Amino acid sequence: MDYKIVAGIPDVETFARLRAISGLSPRSRDGMEKGLPNSLFAVLVVHEGKAIGMGRIIGDGGTAYQITDIAVDPAHQGKGLGKAIMAALVDWLEREAPEGAYVSLIADGDARHLYGKFGFEPVMPASIGMARVMEKTS
């Protein structure tokens, strides 16, 4: 099968679709419209003219970066596409991020094994990841 990794930020519909079919939590349309253009770098996996995978880097562009939104259509999983996405993102970081920049990610389940291949290590017990999902209060 023919897959291409291309640099590019997913549009709102592609982003929402890939998050949904890969089991990631949904994001609001307003949030996607505001956030996606602020990506520092992103890649898409394209197969037969359709995006079937993605990954993004967000952050301040100097001191802190986060790898996020790695998703592959389940019909195309098990073909090394997650690894290809990570390789493209890490290649960009190695070229663009200054020495000493902090790169983080959240590893769900067995994804930690993939991320470990790229030099990512658990931060516990020295640190613990924390999150808050914002809700409208009227």
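## Fold and selected residues of a predicted protein model

The backbone oxygen of D2 lies 2.9 Å from a polar atom of the side chain of H47. H47 belongs to strand β2, which covers residues 41-47. With a relative accessibility of 8%, H47 counts as buried, because the term applies to any residue under 20% relative accessible area. The model described here is a predicted one.

**Overall architecture**

The protein contains 4 helices and 5 strands. Read from the N terminus, these elements follow the order β-α-α-β-β-β-α-β-α. The C-alpha trace spans about 45 × 45 × 30 Å along its principal axes. The radius of gyration of the protein is 15 Å, which agrees with the value near 14 Å that a compact globule of 138 residues would have.

Of the 138 residues in the protein, 32% are buried. The accessible surface comes to about 8,900 Å², and carbon and sulfur atoms account for 53% of that surface. The protein carries 15 positive and 17 negative charges, and the mean positions of the two sets are 4 Å apart. Contacts that span long stretches of sequence are well represented: among contacts between residues at least 6 apart in sequence, 61% join residues at least 24 apart.

**Four residues in their settings**

The table gives the accessibility of the residues treated in this report.

| Residue | Relative accessibility | Class |
|---|---|---|
| G8 | 22% | partly exposed |
| H47 | 8% | buried |
| R56 | 9% | buried |
| T63 | 53% | exposed |

**R56 in strand β3**

R56 is placed in strand β3, which comprises residues 50-59. Its relative accessibility of 9% is under the 20% limit, and R56 is therefore classed as buried. The side chain of R56 forms a polar contact of 2.7 Å with the side chain of S39. Leaving out residues up to four places away in sequence, R56 touches F15, G35, L36, S39, F41, A42, Q66, I67, T68, D69 and L89. S39 thus appears both in this list of contacts and as the side-chain partner of R56 in the polar contact.

**G8 in the loop after β1**

G8 is located in the loop that connects β1 (4-7) with α1 (12-21). With a relative accessible area of 22%, G8 is partly exposed; the reason is that this class lies between the limits of 20% and 50%. Residues up to four places away in sequence aside, G8 touches A42, V43 and L44. A42 is also among the residues that R56 touches. S39, the polar partner of R56, lies 31 residues from G8 along the chain, and the C-alpha atoms of G8 and S39 are separated by 9.6 Å.

**T63 in the loop between β3 and β4**

T63 occupies the loop between β3 and β4, the latter being residues 64-72. T63 counts as exposed because its relative accessibility of 53% is over the 50% limit. The side chain of T63 makes a polar contact of 2.4 Å with the side chain of D60. Beyond its neighbours within four places in sequence, T63 is in contact with A101 and Y102. The C-alpha atoms of T63 and G100 are separated by 7.4 Å, although the two residues are 37 residues apart along the chain.

Note on methods: Residues are numbered from 1 along each chain as its sequence is written. This is a predicted model: local features need pLDDT of at least 70, side-chain atom pairs count only at pLDDT 80 or more; totals for chains, interfaces and linings use all residues. Side-chain values use heavy atoms; hydrogens and water are left out. Helices (H or I, at least four residues) and strands (E, at least two) are DSSP runs, numbered from the N terminus. The radius of gyration is taken over C-alpha atoms; the globule rule is 2.2 Å times the number of residues to the power 0.38. Buried means under 20% relative accessible area, exposed over 50%, partly exposed in between (1.4 Å probe, protein chains only). Contact means heavy atoms within 4.5 Å. Accessible areas come from the Shrake-Rupley method with a 1.4 Å probe; for residues, only the protein chains shown count as cover. Lys and Arg count as positive and Asp and Glu as negative; His and the chain ends are not counted. The place of a charge is taken as NZ of Lys, CZ of Arg, CG of Asp or CD of Glu. A polar contact is a pair of N or O atoms within 3.5 Å; within protein, one must be able to donate a hydrogen and the other to accept it, and residues adjacent in sequence count only if both atoms are side-chain atoms.
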